[in-house]
Every structure is written in structure tokens, then in C-alpha cells.
Amino acid sequence: MDPGGRVLIRRWPDTADQRRLLAEPRDDLLLESPSSEHADPADADFQRTFEQEEGPFTHYSRRVFAADGALVETTHYRVTIPWFRWLFAWPVRRVIARRGSSNSWWAPPDRLDPTQLLVLGLLAAASMSAAFVNTLFTQTVNFAADDFGAGDTAIGIAGATVRAGIIIAIPAAVLADRLGRRRVIVAVAWLGPLLSVLGALAPNFVVLVATQTIARPMGIALAFLVGVVASEEMSRNSRTYAISILAMAAGLGAGIAVMALSLADLGPNGWRWIYVLAAVWCIVALDLSRRLPETRRFSAAHTVADARAPRMNRRRLLLLSAVAFAGNVFVAPASLFQNNYLSDIRGFSGGMIAIFSIAVGTPAGIGLIIGGRIADTRGRRRLIAVTVPLGTAAIVGAFTFGGVPLWVLSLVGGILLSAAYPALAVYRTELFPTGNRGRATGLVTATALIGGIFGLVGMGALLDADWSYSQVLSTLAIGQLIVTVLVVMAYPETAHQELEALNPEDAPIDLHHTVADFPHGIPEDLTDP
């Protein structure tokens, strides 16, 4: 047994029913197959051994035998989930100990294989890095603007300018379709944090904006390419589950940026230390360089030497772009101006803003989990139709009231919009073939940021014109109404369908790995170093 694995030993009453139960192969988190000759459970020297046929473990064996009037069940297992194994260690052990179901609330609807778990763990770490880089300017702009003497209009223009840097990320999307997802992801994973650090050295507001206009697109490219890889590697019933996991990881990355806001209270230049922290994410870039494999769908699509990208489905591109544009007209300013609102209107300090963001943002992970599972099992469209309008109304209310309603409405709005996020995000990768999936996702993301630019500039100008936060966001919420209508009326339902069924241009591919695919054992690059 691999020394890095786990061992679980349980003793059971030696009864006929218990013997029959333990003699049956497991079919829950994994599917077992017997590796020993069939033994009659009624035999006095009853003994059976099982190995994994399908499942997430890089090493697995289970032995059952009778001894001293009891049944002894010994399970050896090892699961590789980069960066987040500590989070799943107890749930996995509990399933093994109790013969749990693969439909546990924390588990994906499909049974994943070691490659998928490896990729999902690495992508989650990459999502943390991307979110930190993408959140950095949003969280610090108010403090930097105060330090440099910039007003609300300047903040709005700065936010729009940084978002306009998406044009720098588009080549990454094109290259990902030509050179491969892995190579481009590794490149932007290094560039994002390294370029972000330059913000700490900015002598004025203009230079700060310029550095982040270059750095943030690297984080944006990393984020949307992570989504592409997740959709290409996950099974048909687990794509939104993967997106929800990545979104939770992104929330953690953004939360680290938020928690670092307390550094802004150190003095007028305290916000600069938050930019220095960006260098930490180079550790993730190094791990991606070492362990992230190319997606199996991309590799399959490029086995032909003269492989050409299929024609872009313009109707789908326009539809998804319209939804992305309209939604971000509301979401971007609500996000960017939240700290400004809390500071200027509600009198929150940097530390209090951090507490607020963590208190109302962390529980939003509940929405991601629930939303991801509902979208995979019940469908995407109905979920979006309910959560988007209700969540938007709650956020508008949070910008209207103070005190307890501010906290409650922010919490409810965050949970509802988080529940909608996996379903909305997964559409960007599901509706395009492998040959132009990266490019299409990049273009839709760019359109979303353009919508955010309109919302940011408009909100900044209207606030300077003495509109209240509530009035501005109530007006911009029309964009979310448009999102709901377009999704319900024009989006196809993609739940339970393979990407190749949604995109007939791609040849079918079998992502299902069994133990037979690894006759010499699980490859070393699928295990922890």
C-alpha cells in the first residue's frame, strides 16, 4: 500500500446478513470489483478482497475476513485532490466507513476518476489566484483614490479602464484554441500575480490604473480558461458542480483580498501591502506548471494534423453575449461600489468592510453548492428564472437600507445570485465546440466586461449627479430582468447532455476511466508529489 494513503479498519458483528452485505462490491463513491476468488459468505474461513473498478482513488483495496467471532473490514485508499484534500478527507472517510452514497450533498452527481479530481483541484487553486488578481483593484480602489485625491467619477472611469483591458486577454483565448489550454493557463497564472505586484509601486492613481489594466486581464484569462478546462474534463452530469466548486475557490481567493483590507488601515499607503501579497500566487503557477495536464477533449480534437476550428455559431455567441452584457451592467457596479457605499454612506472602516464582506460573502457558498447541484440534476433555466430576479431585488434593497436589513439583504442576495452563477457560467463553455470554445468564452467574457464598463461609468456619473445608490442600482437592475427573459425564452436546456451532443461538430469522446485504463497502476502525475 502506498505510504501516503489512509487505512480504515472496522469490526462488524458476524451475522449472515452482515456477511452478505460486506461480500457485495460497493457501488457508491466508487465501483468495486472482486480481486479474489468468490467465497461463500457462509464459509467458516470467509474472506474476500476488492479493488476499485471505477472511482476517484489513485490507490484502493478492501479486504473482508472472519476472525475471532467478528468480521474485519480493512480498507486502504488514497485520493489526490490538490490543495483541497484536507477539505474532503473527512467526508470521503465517512462514506467509506458507512457505505455512503455518491449522491451525498458534497459529492458530484457523476462518479469522477483520478484525472478529473487532479484537474479539479488544480483548477480550484488557479481560481483562487485568478479571483485575487481580479478582486485586487476592486477592493483597493477606494483607498487608493482617497490616497491620491481621486473622486467618484475617477473611480468609475478607472474601473471601466481596468475592465477595458479585457482586449489583452482575447489573444489568450485564441491561443488556447490553437496551442492548448495548459500552456496558456500556465503562462497567465504566472503573469497575473507578477504584474499585480507592480501596483504597490504606483506613484499616482493613473499609474496604478495602468498596471492593473495589464495585470487584471491575465486573471480574467485564467478564470475563463479554467472554466473551459472544467467543462471539457467533467462528465455530463457534473459540469455545473465543477463550476460551483471553482466559484467557491474563487470566493476564497477574493476573500483573501478582502481580509487583507485591514492593511489599508495602517495608513494612507497601507493599501500597497495588499498588492505585495499577490506574489504569493506564484506558488499556484508553479504547481500548474508541474501537474496540470492538457484536456482530453482538446487532445482528441487535435490528433488530426490539419485540424481546423469549426465555424462559430453566431446566434449562440450573440445570445450569450447579450446576457453577459446585460447582467454585468448591474453586477459590476454593485460589486465595485459596495465598499464605497459602506465607507461613505454607512461609515464602515476598512476592517469593518472586511468583516462585512466575509460575513455575508462566505455563506454565499451555500448558494453555489445548491445552485450547482440543482442545475446539474433539475436543469439550468428554471433555476436562473427564480434566483436572478429575487437576488437582484435583495441587492438593491441592501443599497437602500442600513442596519440589520443591510446585512440580511446582502446575505440573501448573495446566496441567490451565487446559486444562479454556475448555471449562467457553464453555458459559456457548453454551447461551443472544442475548436473555438476558448475563443467564444473569451468573447462572451469581454462582452460582459463591456457591460460592466457601461454600468460603472453610468453609476459613477449618476452618483456625482447626486443620485442615491438605491436609485442608480434600481435603474441598472433592468439588465438583470433582460437576463432572465433571454434565458427563459431563448436558452436551450443543457443539463444531462454531453458536450458533443450540444456541439455535433465534435467527435464523441469517452472520458470514463476504469482501472483497465491503467494496467501498470495510476500514473505518477495523477498523485501528489
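This passage describes selected helical, loop, surface and aromatic features of the structure.

The model is predicted, and for that reason local features require a pLDDT of at least 70 and side-chain atom pairs a pLDDT of 80 or more, whereas totals for chains, interfaces and linings use all residues. Residues are numbered from 1 along each chain as its sequence is written, and side-chain values rest on heavy atoms, with hydrogens and water left out.

Secondary structure elements are DSSP runs numbered from the N terminus, helices being H or I runs of at least four residues and strands E runs of at least two. Helix α18 comprises the 28 residues 437–464, for which a span of 40 Å is expected, in agreement with the 41 Å that separates its end C-alpha atoms; the expected span is taken as 1.5 Å times one less than the number of residues. After α18 comes aspartate 466, whose phi is positive, with a value of about 70° although the residue is not a glycine. Aspartate 466 belongs to the loop between α18 and α19 (469–476) and is exposed, at a relative accessible area of 70%, where buried denotes under 20% relative accessible area, exposed over 50% and partly exposed the range in between (1.4 Å probe, protein chains only).

A positive phi, of about 55°, is also found at aspartate 68, again not a glycine. Aspartate 68 is placed in the loop between β4 (57–67) and β5, and its relative accessible area of 78% makes it exposed. As background, most residues other than glycine have a negative phi.

In strand β3 (residues 47–54) lies glutamine 52, which is buried with a relative accessible area of 11%. The side chain of glutamine 52 reaches the backbone oxygen of phenylalanine 57 at 2.8 Å. At the surface, Trp83, Leu277, Val280 and Ile283 form a nonpolar patch with about 350 Å² of accessible area together; patches consist of residues with over 30% relative accessible area and no salt bridge, like charges being joined within 9 Å and nonpolar side chains (Val, Leu, Ile, Met, Phe, Trp, Tyr) within 5 Å, and a salt bridge is a side-chain nitrogen of Lys or Arg within 4 Å of a carboxyl oxygen of Asp or Glu. Within this patch, tryptophan 83 comes from the loop between β5 (70–79) and α2 (85–98) and is partly exposed, at 35% relative accessible area.

Alanine 507, in the segment after α21 (499–502), is exposed at 59% relative accessibility. Its C-alpha atom is separated by 8.6 Å from that of alanine 300, although the two residues are 207 residues apart along the chain.

Rings of Phe, Tyr and Trp (its six-membered ring) were paired if their centres lie within 6.5 Å, with planes under 30 degrees apart counted as stacked, over 60 as edge-to-face and the rest as tilted. The count by this rule comes to 14 aromatic pairs. In one of them, phenylalanine 148 and phenylalanine 205 have ring centres 6.4 Å apart and planes at 55°, so the pair is tilted. Because phenylalanine 148 lies in helix α3 (residues 114–148) and phenylalanine 205 in helix α7 (residues 205–233), this pair ties together parts that are 57 residues apart in sequence. Phenylalanine 148 is partly exposed, at 24%, whereas phenylalanine 205 is buried, at 11%. The rings of tryptophan 271 and tyrosine 275, with centres 5.8 Å apart and planes at 80°, form an edge-to-face pair; tryptophan 271 is buried at 1% relative accessibility, as is tyrosine 275 at 0%. Phe148, Phe205, Trp271 and Tyr275 form one aromatic cluster.

Terms used:
Areas by Shrake-Rupley, 256 points an atom, 1.4 Å probe, with all protein chains shown as cover. Polar contact = N/O pair within 3.5 Å; in protein donor to acceptor, adjacent residues only side chain to side chain.
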